[in-house]
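Trainee: Please take me slowly through one part of this model. I'd like to follow the charged pairs from one end of the chain to the other, and see what sits around them.

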Amino acid sequence: MSKEITIPEEIITNKIYLIRGQKVMIDKDLAELYGVETKQLKRQVRRNIERFPEDFMFELTKQEFDNLRSQFGISNWGGNRYVPTT
């Protein structure tokens, strides 16, 4: 018996952003889709980095982070789980 879970396309589509001309998902959203904590997702990526293409991930600049956060209209978006580079 399969335990496959289907996620509606609109949920995924709403978590895709255009940053630096690329369609991307934020780490916290990706972790949520997989049902894990953000730090656990990031730890697994670091441990298995050779399995991912070189351009699989990048860190937001402070300006990109601030712009994205302002789109949500809340001051604590992302909490302390994501620290952008300056």
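**Charged pairs around helix α2**

Mentor: Let's start with D27, which counts as buried at 13% relative accessibility (buried is under 20% relative accessible area, exposed over 50%, partly exposed in between, with a 1.4 Å probe and protein chains only). Before going on, keep in mind that this is a predicted model, where local features need pLDDT of at least 70 and side-chain atom pairs pLDDT 80 or more, while totals for chains, interfaces and linings use all residues. Numbering runs from 1 along each chain as its sequence is written, and side-chain values use heavy atoms, leaving out hydrogens and water.

So who does D27 pair with? Its side chain meets that of K42 in a salt bridge, 3.3 Å from N to O (a Lys or Arg side-chain nitrogen within 4 Å of an Asp or Glu carboxyl oxygen). That ties together distant parts of the chain: D27 belongs to helix α2 and K42 to helix α3, residues 38–47, with their positions 15 residues apart in the numbering (helices are DSSP H or I runs of at least four residues, strands E runs of at least two, numbered from the N terminus). K42 itself is partly exposed, at 28% relative accessibility.

Stay with α3 for a moment, since it meets α2 in another way too. T38, L41 and V45 are buried there. These three sit on the same side of α3, because they cover an arc of only 65 degrees around the axis (taken from the directions from axis to C-beta atoms). Flip to the other side of α3 and you find K39, R46 and R47 exposed. What do the buried residues of α3 pack against? They pack against α2 (contact means heavy atoms within 4.5 Å).

Back on α2, look at D29. Its side chain meets K15 in a salt bridge at 3.9 Å, N to O. Here again distant parts of the chain are linked: D29 is in α2, residues 27–34, whereas K15 is in the loop between α1 (9–13) and β1, and the two are 14 residues apart. D29 is buried, with a relative accessible area of 4%, and K15 also counts as buried, at 14%.

K15's loop leads into β1, so take a quick look at that strand too. β1 (residues 16–19) runs antiparallel to β2 (residues 22–25), and 4 bridges join them (strands pair if DSSP finds at least two bridges). Across that pairing, L18 stands opposite K23 in β2. The two strands make a hairpin with 2 residues between them, and R20 in the turn has a positive phi of about 55 degrees.

For a salt bridge inside one helix, go to α4 (residues 62–72): D66 and R69 both lie there, 3 residues apart, about one turn of the helix. The closest N and O atoms of D66 and R69 are 3.3 Å apart. D66 is partly exposed at 23% relative accessibility, and R69 is partly exposed as well, at 26%. Now zoom out: salt bridges that share partners join K15, K28, D29 and E32 into one network. By that same distance rule, the count comes to 8 salt bridges.
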